[in-house]
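I'm opening a fresh notebook page for this one. My plan is to go through the chains, then the domains, then the places where parts touch.

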Amino acid sequence: MNAITTTRRGMLALCVGAGTGLVLGFRVLEAAAKDAVPAAASAEFNPFVSIDGTGKVTVIVKHLDKGQGVATGLATLVAEELNARPDQIVVEFAPSDSRYKNLLFGMQGTGGSTSMANSFDQYREAGAAARQMLTQAAAASWKVPAAEVKIEAGELRHASGKRAGLGEFAAAAGKLPVPSPVVVKKPEDWIYIGKSFPRVDVRSKSEGSVNLFAMDLHMDDMLVAVTARPPKWGAKLRGFDAAAAKAAPGVVGVIEVPQGAVVLARTTWQAIKGRELLKLDWDESGAELRSTDAIFAEYRALADKPGVTVRNTGNGAKGIEGAAKIVEATYEFPYLAHAPMEPINITILYDGKSAQFWTGSQFQGVDHGVASQVLGLPPEKIAIHTMWAGGSFGRRAIYNAHYFAEASAIAKAWGKPQPIKLVYTREDDIKGGYYRPAFLHKARVGLDKDGNILGWEHRIVGQSILKGTPFEAMAVKNGIDDTSIEGVSDMKYANAGMQVDLHTTDVKVPVLWWRSVGHTHTGYVMETMIDELATAAGIDPVEYRLRLMKDDPRKVAVLKLAAEKAGWSKPAPEGRYRGIAVHHSFGSYVAEVAEVSVKAGKIRVEKVVCAVDCGIAINPDNIAAQMEGGIGYGLGAILHDAITLKDGAVEQANFDGYKSLRITEMPVIEVHVVPSTEKPTGVGEPGLPPIGPAVANAVFKATGKRVRELPLARSGLV
Amino acid sequence: MVALDLFGDLMIELNINGTARSVDADPSTPLLWALRDTLKMTGTKFGCGIAQCGACTVLVDGIAVRSCQQPIEGLVGSEITTIEGASGKVAEALHAAWVEHQVPQCGYCQSGQIMSATALLTDTPKPTDADIDAAMQGNICRCATYVRIRAAIHTASEKLGAA
């Protein structure tokens with residue numbers, strides 16, 4: 001339970017109990033000290049809501065919006081409690097400040113599809129508190145009981161016919177004590193939640209997104225920096241000759257920082273051209289020099305040996321011996337780059353005493369600390385201005401804040417108080433690491449003659465994302481990184497017995513969470529294995545799953561809904577083949593039916609029917625958009641993508657070698673949202689895990705081939 | 001067309017969105033960077049720099065081109081239209097359809113999408129799905145808003161046809 005209580009006049013404590021134990025204290029600003037101009041008066045009701053004299057409601061968004069729609073989502077919650085009109089609402093990103101913690105992380109940050117889940121009560125309560133203060137202020141002025149004053153269509157109203165805009169009473173309301181208790185609306189009174197509140201950012205993003213993205217910032221006297229970073233991980237800059245670069249047009253300096261050699265120029269193009277003229281000497285003695293082929297050969301060898309036990313339940317793998325049928329499969333998943341459309345960039349303004357940053361910051365809590373450390377400044381001398389981000393897919397949620405560190409190092413080394421925009425080119429992005437780790441899975445399952453699972457042995461080999469990072473204590477237990485095994489370790493299919501073990505490998509390639517993290521590979525393995533087992537048992541894959549997951553009603557419901565909507569019980573249309581998968585991740589349940597066709601040995605995904613249960617559907621249209629996006633993003637990767645190394649160097653550089661899904665490959669998508677009264681959970685990631693296995697299962701139907709090495713392009717299927 | 005600035009450096013004169021603009025940049029500079037860094041017109045986005053993603057799409061004499069591959073010296077005398085100058089019936093219909101279908105997610109590619117769609121609907125007022133695929137396949141959207149892009153182009157086409 002959350003409760004907002006007034007501790008003393010002007011002070012408000014939001015106590016978040018149960019689990020987090022966080023107590024956030026904040027001051028309600030005395031509104032409009034300059035009462036002389038009431039029309040312009042503005043009141044900050046709490047850290048999340050302020051209302052100005054015109055009735056404009058500003059929602060302070062504590063999360064990064066990288067396309068997933070959280071700014072709209074949080075605006076919806078406040079608008080809901082205020083009965084505000086959509087056109088009254090504007091959003092602003094919060095400063096980097098502990099008041100804006102993600103209540104599930106304990107620090108300010110966005111990720112793990114937690115944004116709406118952790119904010120659902122907080123932002124409704126913020127809006128409700130403002131509503132109660134406004135109605136009280138109006139009631140006092142109108143000399144009527146506060147309970148009789150309502151806000152409707154963004155206007156204060158009383159049955160007597162009195163009406164006023166929110167702005168008229170904003171300043172007075174802001175001076176009132178914060179109400180106790182704060183009462184949020186009942187679900188039956190909701191006017192926006194569940195009804196697809198319009199996105200706050202659509203118009204501006206369709207008209208050129210002026211001043212939304214950090215990449216587009218220009219400031220007086222700004223320099224653009226590009227960095228020549230090591231061509232292999234672990235290589236060190238031994239020396240460089242910058243004479244030609246320094247003589248290039250627009251180049252104002254070349255400096256060295258721990259991350260590499262940096263060209264500073266007046267424009268981005270001049271910086272890029274200047275960097276091409278650097279003569280760089282790299283010491284590769286400590287570098288990663290293996291090719292991905294060699295790395296996978298090592299992984300295959302490891303898969304033959306037991307690793308660290310992750311799960312040993314029931315009879316473990318014992319039931320496999322003496323099984324009527326044994327199904328065995330080995331899977332290989334490549335490194336994947338996130339490749340958000342807006343390449344990484346960050347602008348810093350540092351004057352020796354303080355620093356400001358502008359970027360699509362996703363982990364403000366980490367970014368702030370790293371900047372403070374590198375610059376040697378106290379945290380209060382650092383400000384982060386979070387901008388709209390041109391995609392992330394995990395890339396900006398970076399545990400070591402490496403681009404904050406690099407920008408800080410550059411600004412410090414340059415030493416002049418002028419803004420510097422550090423820009424990654426697409427090549428810097430694709431070759432820059434922080435990939436979804438490569439993984440190998442080996443599974444062996446024994447069935448009885450009726451297809452019942454007697455034992456399941458499962459070995460996972462790959463790098464840990466979080467080992468050696470500040471998040472290690474949180475997610476790595478007994479040497480087991482939960483992000484390596486999630487989706488397998490918690491699977492509920494093998495009740496008779498399951499043994500899972502893990503080899504955590506040592507490769508110098510930096511790795512990171514990539515939209516849906518471990519589920520990107522574990523979901524694929526589980527849901528294609530189940531399909532193989534159903535085939536081995538001669539049972540329909542939907543029927544087979546239903547037998548195995550009787551105690552998982554929400555999963556059952558999405559599976560049934562997707563199957564029904566896709567017409568699973570009827571034959572697929574002529575020339576089409578269907579596959580199905582269902583997966584639970586980030587608190588949500590998603591099932592997908594993929595329909596593929598085959599022409600001259602090449603497959604095409606024609607249609608995907610998706611069913612999702614993410615608890616209360618705050619914005620059904622945005623849920624559909626996130627499912628479409630998760631499906632498209634995942635599909636591009638499983639069809640085309642792999643980051644490969646040749647003697648330690650990344651072989652891909654841009655969208656020619658690292659392909660993205662294009663409109664020509666986008667299937668028709670139908671999304672069905674399961675009505676629910678459960679707490680809202682995530683939608684950014686959970687749409688992704690089922691698409692790979694659903695397609696692979698359809699490919700099996702179509703071609704008889706089991707795709708166990710990704711991407712599909714590796715098997716010549718696309 | 002080509003003029004000298006106060007210091008005797010070459011200035012390239014371009015016709016951008018119907019206005020003559022003097023660009024103080026090396027003649028080999030790609031239009032993308034002249035727009036973004038010299039003229040501070042940042043609606044045209046940098047996504048790949050090698051004509052693979054389409055984020056930098058502008059119209060040159062009505063044809064959708066990737067501005068990252070167009071040195072400004074080759075554009076003297078051409079009519080250049082960027083997202084900032086995307087106006088008129090087709091662009092307005094597209095903007096309205098983009099809102100109706102709630103197309104953008106991160107939005108970074110959408111300037112380029114709108115410019116490619118503008119060229120498509122100007123030449124082909126009633127596009128089929130295949131026409132849309134052909135015209136839009138050069139524009140990557142990593143958020144995969146493609147289903148909505150396709151629907152929005154059809155909607156804009158219908159509105160234009162009905163008007």
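**Chain A, overall.** I started by counting elements, and chain A came out with 17 helices and 32 strands. I should jot down right away that this is a predicted model. Next I looked up the spread of the chain. A compact globule of 718 residues would have a radius of gyration near 27 Å, and chain A has 27 Å, so the two agree. I also noted the box that the C-alpha atoms of chain A fill, which is roughly 85 × 70 × 45 Å along the principal axes. As for burial, 56% of the 718 residues of chain A count as buried. Then I checked contacts between residues at least 6 apart in the sequence of chain A: 75% of them join residues at least 24 apart.

**Domains of chain A.** How is chain A split up by the domain assignment? I found domain 1 at 2-206, domain 2 at 214-285 + 344-423, and domain 3 at 292-335 + 434-715. Note to self: domain 2 and domain 3 are each written as two stretches.

I picked domain 1 and domain 3 of chain A for a look at how they meet. Their centres, taken over C-alpha atoms, are separated by 40 Å. The contact uses 15 residues of domain 1 of chain A and 19 residues of domain 3 of chain A. On the domain 1 side, the elements giving two or more residues are helix 1 (70-82) and helix 2 (115-142) of chain A. I sorted the residues on that domain 1 side by type and got five nonpolar, ten polar and no charged.

**A sheet in chain A.** Here I traced an open sheet of seven strands with mixed pairing, and wrote down its order in chain A as 13-14-11-21-18-19-20. Why do strand 13 and strand 20 of chain A each have one side without a neighbour in the sheet? Strand 13 (251-257) and strand 20 (382-386) of chain A stand at the edges with a single partner strand each, so one side of each stays free of a neighbour there. I also looked up the twist: on average, neighbouring strands of this sheet are turned by 25° against each other, direction ignored.

Then I zoomed in on the strand 20 end. Strand 19 (residues 355-359) and strand 20 of chain A pair in the parallel sense, over five bridges. Which residue of strand 20 is the bridge partner of Trp358(A)? I found His385(A). Helix 8 (residues 364-375) of chain A packs on this sheet, where it touches strand 18 (345-350), strand 19 and strand 20 of chain A. The direction of helix 8 makes about 140° with that of strand 20 of chain A.

**Chain B, overall.** On to the other chain, with the same checks. Chain B has five helices and six strands. Reading from the N terminus, I wrote its elements as β-β-β-α-β-β-β-α-α-α-α. A compact globule of 163 residues would have a radius of gyration near 15 Å; chain B has 16 Å, which agrees. The C-alpha atoms of chain B fill a box of roughly 50 × 30 × 25 Å along the principal axes. I got 57% of the 163 residues of chain B as buried. For contacts in chain B between residues at least 6 apart in sequence, 62% join residues at least 24 apart.

**Domains of chain B.** Chain B is divided into domain 1 (2-84) and domain 2 (86-162). I noted 23 Å between the centres of these two domains of chain B, over C-alpha atoms. Their contact takes 16 residues from domain 1 and 14 residues from domain 2 of chain B. On the domain 1 side, strand 4 (57-60) and strand 5 (63-66) of chain B are the elements that give two or more residues. Strand 4 of chain B gives the most to that side, with three residues. By type, the residues of the domain 1 side are eight nonpolar, seven polar and one charged.

**Where A meets B.** Last entry. How many residues does each chain bring to the contact? I have 45 residues from chain A and 44 residues from chain B. The chain A elements that give two or more residues to this contact are helix 4 (202-206), helix 6 (268-276) and helix 16 (620-640). Helix 16 of chain A brings the largest share of the chain A side, six residues. I sorted that chain A side as well: 17 nonpolar, 15 polar and 13 charged.

Methods
Residues numbered from 1 in each chain as written. Chains lettered and ligands numbered in written order. Predicted model: local features only at pLDDT ≥ 70, side-chain atom pairs only at ≥ 80, totals over all residues. Pairing = 2+ DSSP bridges. Helix = DSSP H or I, 4+ residues; strand = E, 2+ residues; numbered from the N terminus. Axes fitted to C-alpha atoms, helices over the stretch in contact; angles between N-to-C directions. Contact = placed C-beta atoms within 7 Å. Domains from an automatic or database assignment. Nonpolar A, V, L, I, M, F, W, Y, C, P; charged D, E, K, R; others polar. Rg over C-alpha atoms; globule rule 2.2 N^0.38 Å. Buried ≥ 20, exposed ≤ 12 C-beta atoms within 10 Å, placed from the backbone.
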